[in-house]
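Welcome, and thanks for taking a look at this protein chain. Please keep the sequence and the 3D view side by side as you read.

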Amino acid sequence: MLFPQLPTELFIRLHRNCVVNRQFVERLERTETGGLVHLSTGEVLPVSRRRWSLVRRQLAGHRSYMS
């Protein structure tokens with residue numbers, strides 16, 4: 001079965017079970033276990049260690065909120 005894919009210009013995968021809309025990302029925070037994404041909704045979501053570099057690069061052109 002094929003699943004429809006979300007447009008990568010609008011969404012980003014943080015880890016295996018979490019995809020977020022880039023428009024809601026306010027900032028990134030580096031931690032020992034990977035990182036955290038702070039959303040404009042007030043939620044804070046984990047980023048896997050494996051995906052940290054990719055998430056950071058993908059969001060770098062979107063806004064400057066690296067910490």
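Here is a short briefing, grouped by topic.

This is a predicted model, in which local features need pLDDT of at least 70 and side-chain atom pairs count only at pLDDT 80 or more, while totals for chains, interfaces and linings use all residues. Residues are numbered from 1 along each chain as its sequence is written, and side-chain values use heavy atoms, with hydrogens and water left out.

**Overview and confidence**

- The protein chain holds one helix and five strands, where helices (H or I, at least four residues) and strands (E, at least two) are DSSP runs numbered from the N terminus.
- Along the sequence, these elements follow the pattern β-β-β-β-β-α.
- Mean pLDDT (the predictor's confidence in each residue, from 0 to 100) is 87 for the protein chain, with 88% of its residues at 70 or more.
- Among the elements, strand β5 (residues 44-47) has the highest mean pLDDT, 96, and helix α1 (residues 49-60) the lowest, 91.
- As a reading note, where pLDDT is low, the predicted coordinates should not be read in detail.
- Of the 67 residues, 27% count as buried; buried means under 20% relative accessible area, exposed over 50%, and partly exposed in between, with a 1.4 Å probe and protein chains only.
- Taking contacts (heavy atoms within 4.5 Å) between residues at least 6 apart in sequence, 36% join residues at least 24 apart.

**The β1-β2 hairpin**

- Strand β1 (residues 11-15) pairs with β2 in the antiparallel sense over four bridges; two strands pair if DSSP finds at least two bridges between them.
- Two residues lie between β1 and β2 in this hairpin.
- F11 has N21 as its bridge partner in β2.
- Which residues of strand β2 (residues 18-21) are on its covered face, and which on its uncovered one? C18 and V20 make up the covered face, V19 and N21 the uncovered one.
- V19, in strand β2, has a relative accessible area of 37%, so V19 is partly exposed.
- Leaving aside residues up to four places away in sequence, V19 touches L6, F11, I12 and R13.
- One of these, L6, is 13 residues from V19 in sequence, and their C-alpha atoms are 9.3 Å apart in space.

**Strands β3 and β4**

- V25 is part of strand β3 and counts as buried because its relative accessibility is 1%.
- Between V25 and E43 there are 9.7 Å in space, C-alpha to C-alpha, and the two are 18 residues apart in sequence.
- L28 is also found in β3, and its relative accessibility of 0% is why L28 counts as buried.
- From L28 to L59 of the helix, the C-alpha separation is 9.1 Å, across 31 residues of sequence.
- H38 sits in strand β4 (residues 34-39). Is H38 buried or exposed? H38 counts as buried, because its relative accessibility is 14%.
- The side chains of H38 and E29 make a polar contact at 2.7 Å. Such a contact is a pair of N or O atoms within 3.5 Å; within protein, one must be able to donate a hydrogen and the other to accept it, and residues adjacent in sequence count only if both atoms are side-chain atoms.
- Not counting residues up to four places away in sequence, H38 touches F24, V25, E26, R27, E29, E43 and V44.

**Helix α1**

- The twelve residues of α1 should span 16 Å at 1.5 Å a residue, and its end C-alpha atoms are 17 Å apart, which agrees; the expected span is 1.5 Å times one less than the number of residues.
- Which residues of α1 are buried? They are W52, V55 and L59.
- These buried residues cover an arc of only 80° around the axis, which puts them on the same side of α1; the arc is that of the directions from the helix axis to the C-beta atoms.
- An α-helix has 3.6 residues a turn, so residues three or four places apart point the same way.
- R50 and R57 are exposed on the other side of α1.
- The buried residues of α1 pack against β1, β3 (25-31), β4 and β5.
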